[in-house]
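Me: Please take one part of this structure and go through it closely. I would like to know how the strands there are paired, and then how the two chains meet.

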Amino acid sequence: MANDREVLREIWDGKLPICFQLAQEEIMEIQQPDPFYVMVPRLSYFPLVTDKMKRHFLRYISQENADNEMWLDYNGQPLKWHYPIGFLYDLFCGNDPQLPWTLTVHFTKFPETILLRCPNKDVVEAHYMSTVKEADVLKHRGQVMSTMQKKDHNQLWLGLQNDKFDQFWAINRRLMESHGDNEGFKHIPMRIYSDDGITCQRLICPKNNDGSRKTVHQLLSELYPDKAEVNLRTHGVLIPLDTPLQWLSEHMSYPDNFLHICLC
Amino acid sequence: MSSNSLLFSINNEGKVYALSTSGSCWREFMYLGLEFKTLSAVPHFLWAVGGDRQIYLHVHGLEIPIRVKEESYENERWLPLEGFSGRLLPTDRYHFSSQDGTKDRSIECIRLPSMAWQWEGDWQLELALDGQPLDHDGWTYAVDFPAQFGTVKQWKSCVRRRKWIRYRKFSAMNSWCAIAPLHKDPTQEPFIDITIGGNQIPYASPGTLSVWSITAQGRVMYRVGVSTTSPEGLKWINVSIPPNCDIKQISVGPTGLVWALLWSGRAIVRKGINKDCLTGEAWLEVKSPTETKLTTVSVGFNAVWAVSSDSRVWFRKGIEGNAVGHSETAAIGNGWLEINGNMIHISVGINDQVFAIGESNKGVYWRSGITPAELTGKRWRMVQANMQLSRTSSSASIISSASNPKHHSLSLLNENTIELKTNINLRNSWEESHSAPIENTLPLKPSKELRPKKNVNVENIDLTGKSYETTLKNPRAWSPVRSVGSVVGMEAQPDSDSSVFDVDSGMYFDEEVSQMAWGTCDATWTFIEAGACSIDTIQVPHWFSDSKNAHNSDITAKWRSQILDCLKSRNSFNIDLSNFGLAIEEKGWTRSCEARLVSDNNICEDSILSLYWHAVENAGTLSVFQPDGTIKFILNLGEITSITSSSEPGCPRITLTIPNQSQRIIKVQFISEMEQEEWFSVLIDISSQINGLSGKPSTNSIWIVTSYGDVLNWDPTPAQCNMDKNGKYVKEFQVFGKDIVTGFTTTLHNNFLPGSVLKLSGCLFDEINRFHINLQGPEVLKQRHKIETEVTEIPLHFNVRFDESTVVCNTKKSGCWDYEERHPLPLRPGQEFSIKIICDYNEFIININDSKFCSYKHRLSPESITSALIWGPVKLYTMEYYSTSAIIGPDEMIWRTMGGYLRKVESCQNGVVWGICHDHRVWVYTGGWGGGILKGIGGSDGIHPMTDTQTYCIYENQRWNPLSGYTSTGLPTDRYMWSDVTGKHKRTREHTKLLSRHWHWISEWMVDYNTPGGVDNEGWQYATDFPAPYHGKKVFTDCVRRRRWYRKAQIVTEGPWIRAGSTALLDISLWANDKTVSVWAITLAGEAIYRTGVTATTPVGLHWEHVNSPHTFVSISICNSVIWAVGRKGELYYREGVSTENPGGINWKLIESPKCAFTFNPKAATGTKLVSLTNSAAWVVLMNGVIAVRTDVSIHQLEGKQWKYLTDCELPFKHVSCMDQEVWAVQNDGTLHRRVGVTAHNAVGIAWQLVHCGPLVHVSARGCNA
């Protein structure tokens, strides 16, 4: 059970100051547009928080590009909208924090090979829900999601979209419960990203063979037996090595129910 | 279901331990030099076979003593010469007899049954008959013996009798009490096994218990007369067994079913055990599982479990607890089922939960997953509770002998822990069921705290021990032969022993852990007894290391605090954030659903509800549309004053109260229960946010309970803040646009005491003859040619007459106008004006257009003004009402649903609040808010699980006809053959539905053999015709009969309440004096008790103290050391001699009964039903619904001065609660009223003001303070 409300709340309230700048080649006006400053929830996705920013910059770009899909980059690397914002920041700036996080806004030259298309928010919702389902399959063989009603799914999504902690956790709580007699999930939904761009997703059991709770340290020694100094970062925090995986999954998963962790 | 129950066990040294379901440590019974072989328990009663092979009884956990009232009637006959004398005619009854005269009850012959009992006081006379006081000798008179006895001696009174009563008390609580051996020489026929059960024998009278034992000669003995009021029973009788049967073990289940095992490993079952024949009829043999011998058997309600000599576990299929009395197959079942796991001993507890002792490690296991549907459960889970270091255990003796006890004991314990772990890591065939090793840390405490000596309970020892002259000083030298029922070990440390049974220890358990040394000693158990253990399968006790412990340690773990610290430091950016906008803007949200509006006459109208809420603006609306989308109405959510559930079976409903709307009440029926609950929770959440209500309400709140069990609270504090700077409270009435021409009346909620002001401004019409302002009293009913209401008291009538060019001031007294005072006309038609009426101590001062116009001396007390009427062709702009105290009308009282499910709530002036639920268990308010379907509303602080049980009753009616006898065909005019108690409503067993999904049945439909009036063998009651008195014995003239069926249902919910004690209560009353709170209560048996140690910080208090009384009570009230109680027959008593030194007082004194000529129903009895005391008066509700007030009740005049009756209201009341000048009452129709005009001079007040439409069952205004 995810019952450590203090931690949950703290994670939910995590925000990032972001400075959006329009890419120089997009500017069609003589006057330089002001950068757009905004506080963004770490747990959200870019398409959910950029409406206002987009309207702000539309005046400055060529009208033929106005209907093009907008995309963002940081230091020349396109940002994948389907990852939570906080995770993207940890991935790119985890080791040397840079605040506000300055991102460049593009309306042309969509990097088709790197980014998925995102014509509207429904796509984000579809992607989000499918990720939650995937996580539930790993945790409970998909039993929780399949017993939920459509409006529960809706509440989950609206909770995230409108930044409503209680609304979100009223439903998400059920996804974070352990089922049956065994305390803990079947597997931990977890993705580990190394800075070389490789994603690692394995079937990870929350328990050791002797029934004790598996810790981060034990996991790391399984996954990277040859690396000596490995650290994991998520939500801008380095995870202590003796943290149990089960607890980590219950409390520090992103709203899509996955642990997105950066290796550093 | 008790919140705290005990699991008992014996270790390999014969020491008895107990583990509380609310605790997490095994506590050892005080060792008295006696080991124990076997145990058997039901809640509060533990029977055991000692190492000396004798039987011992241990009664524990009862908060009030077991008391038995002995009665004897002294009969006398009048003889011509001697007058009344004890010499009776030979045909008469005994001089001292039972009530019906059939038994000799000589006072000298009534002895204590055993040494475990002691008398409470001496024989005394009962000095009241049905609430009528008798003279000091207590005689009642009659013509002859089997006749009606009256209070008055008449010329024809030939016989008289009086009643002697004396109480005896079972004083051997919390200690082992020896049961007499079978023979003079106890060694002649020792016992080898004992078992107790039978506490749920179908239809048996409450309190029945059955005890069976086996002697060393193989005889089966049954103990006659054991019950909860006679724990030791009377004597042993032999139950014959089939030849060639050598019995070694026996077990009796809660239904009375008995299974026994033979030395040969076979099992026999006693058939035909039911409420009429507790010993059964005959033995039946049951086939053992093939190729094995059974060694232990344990009987549950619907289950029998056994263990065989090869440590295999067996479950007997097909046992049906409700039918064991008359069905052989239900008693013996239909086959063995092997359950995995290897056990050496097994015990079935309450709700068929199973505990066993493992073969390999001798640990205690619980079978998890046992439900009524799945009696075999899922898997074994090991109970891993800490051990109290044994005082006498040989393994711990090193502690006392060592020079540094702490150090040594620690090392010893550490060793043991390691051992235990290795034990667990050993895998065997059913390894899965093992739990993870415990990671508990041993609390390190200075050795002096190792065994705290409490001196608090020293008095207790004296109390219980003083009458036991024969109790031996040295318990070791004690022998059961010397004294039957003597108490073992009174001299030892009962204080430390009784802590095993500390009822409320659960609440503050953690402190105890830190005070005592606990360790994870390697425990080797040999015997387990779960008969008293009630496990909540949803919230299992903290006995299993894999659930709660793990989480607890997470909270304090270092990694968690690291993560939390890092998370917290993330948001401290060292950049200027002022120009950063928010990415997600706060928006209002909407929620809608299809629902039905239910009108007063239960007609439903389809509609669509839509709720809009904006958190930042703190505003919201509820719109109701017709199905075609047209708006019906829109409500501002701030107007809603209460939200209550009003579901009926199958119809989930919510009732909203909106006093400012013409409808006042909106009832909505939802499509599903889930939807109803969601809306309920959301509406309460929003309504509380709008009104700024959260958390614990202030101490002077009013608490009410609806008939649906919701607990609501109105907190006057927020409304009291609208004070202006002159110390006056002001209320503006919405008058603009109101029609004044035909008269506009508005209630002045605080009356019009000196200091009050009424300010009006407006404009006169051009065409105007007269207009007037009345400051008037309440409307009263007048019966002339038809019933109408009229205002009879108008202290100020201010009439401006343009046609007469004058202003008339007058007063109407009792419907008649007084003499007029006339003044010149100050106004012209069409003129704008302002009028200010100021009430002074002697007169009204009337200012017109800001200059003094006139004054008017009071002719009637201005206190009696309850409303203002403005009548005439004027237009009003503003109307303001100033008062010296906060003005809170019923439309401003926001009732907040607090959570929980209760029947009664009683508060007091320092915020301690107690509640009683329908099954009479007692709860204390924790200060939280929410729980249950209000999940997440006020956080989880203080929210605990709650249950309540209600009994559904229906009546089966039959009529006799000459051909077929009694059948279910009645006359066409008869009531329904299946009906409720009135016969007016059809009720059937099949169609009785539960209220919501939180309720579930906990029994089947059963015939009630305890229906008042008595029943025959099949539960029938007979009468001559339907609405007639029923009796249990059929007579010649009886044409109809009925019987009552009942079924019990339980609700499982949560709320901000915690159990207080295990004593069931009828009524409770609280009164706060600074920090301490006096709590008096009436138990289910009608005894008065009071609670010690209740303060604002420890609302639960310590324990109940019993108050001796020869009467049985139903209601009680306390105020300022004045205590009044209502007897069962409607009589009133006050308690004499109550003081801080003697909180229990000295004795009860009868108070003159109220005699009210004004009754709603002249036939109804006029006794008192309940009482509520204030500092100066006692308000009582009579059985006919009239409210009477006893004036001048004070510490100096405990019984008050005189009765006054409230006759201004036509409707009967069912409840009243008062404190200081606040009087609140609930009418029979469930509406809540507040009495206005109650002052020091006018104790009965002036009028009732409707506050809430209910339906309510209870109100407590006891927190109010002036």
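Reply: What follows starts with one strand and its partners, then turns to the contact between the chains and to a separate sheet.

This is a predicted model, in which local features need pLDDT of at least 70 and side-chain atom pairs count only at pLDDT 80 or more, while totals for chains, interfaces and linings use all residues. Residues are numbered from 1 along each chain as its sequence is written, and chains are lettered from A and ligands numbered from 1 in the order in which they are written.

The strand is β7 of chain B, residues 67-79. Strands (E, at least two residues) and helices (H or I, at least four residues) are DSSP runs, numbered from the N terminus. Two strands pair if DSSP finds at least two bridges between them. Strands of a sheet pair through backbone hydrogen bonds, either parallel or antiparallel.

One partner of β7(B) is β14(B), residues 159-170, which runs antiparallel to β7(B) and is joined to it by 11 bridges. Within this pair, W164(B) of β14(B) lies opposite S72(B). Another partner is β9(B), residues 96-97, again antiparallel, with 2 bridges; here E74(B) is bridged to F96(B). β8(B), residues 83-85, is also antiparallel to β7(B), over 3 bridges. In that pairing R77(B) faces S85(B). β7(B) and β8(B) make a hairpin, with 3 residues between the two strands.

Now the chains. In chain B, 28 residues are in contact with 33 residues of chain A, where contact means that the C-beta atoms, placed from the backbone, lie within 7 Å. On the chain B side, the elements giving two or more residues are α7 (545-556), α8 (558-570) and β35 (581-582). The largest share, 8 residues, comes from α8(B). Strand pairing also crosses between the chains: β2 of chain A, residues 36-41, runs parallel to β35(B), and 2 bridges join them. V38(A) has G581(B) as its bridge partner.

Elsewhere in chain B there is an open sheet of 4 strands in the order β84-β85-β86-β87, with antiparallel pairing. β84(B) (1213-1219) and β87(B) (1247-1252) stand at the edges with a single partner strand each, so one side of each has no neighbour in the sheet. β87(B) is joined to β86(B), residues 1232-1236, by 5 bridges, and the two run antiparallel. In this pair L1232(B) stands opposite H1252(B).

Key: Two residues are in contact if their C-beta atoms, placed from the backbone, lie within 7 Å.
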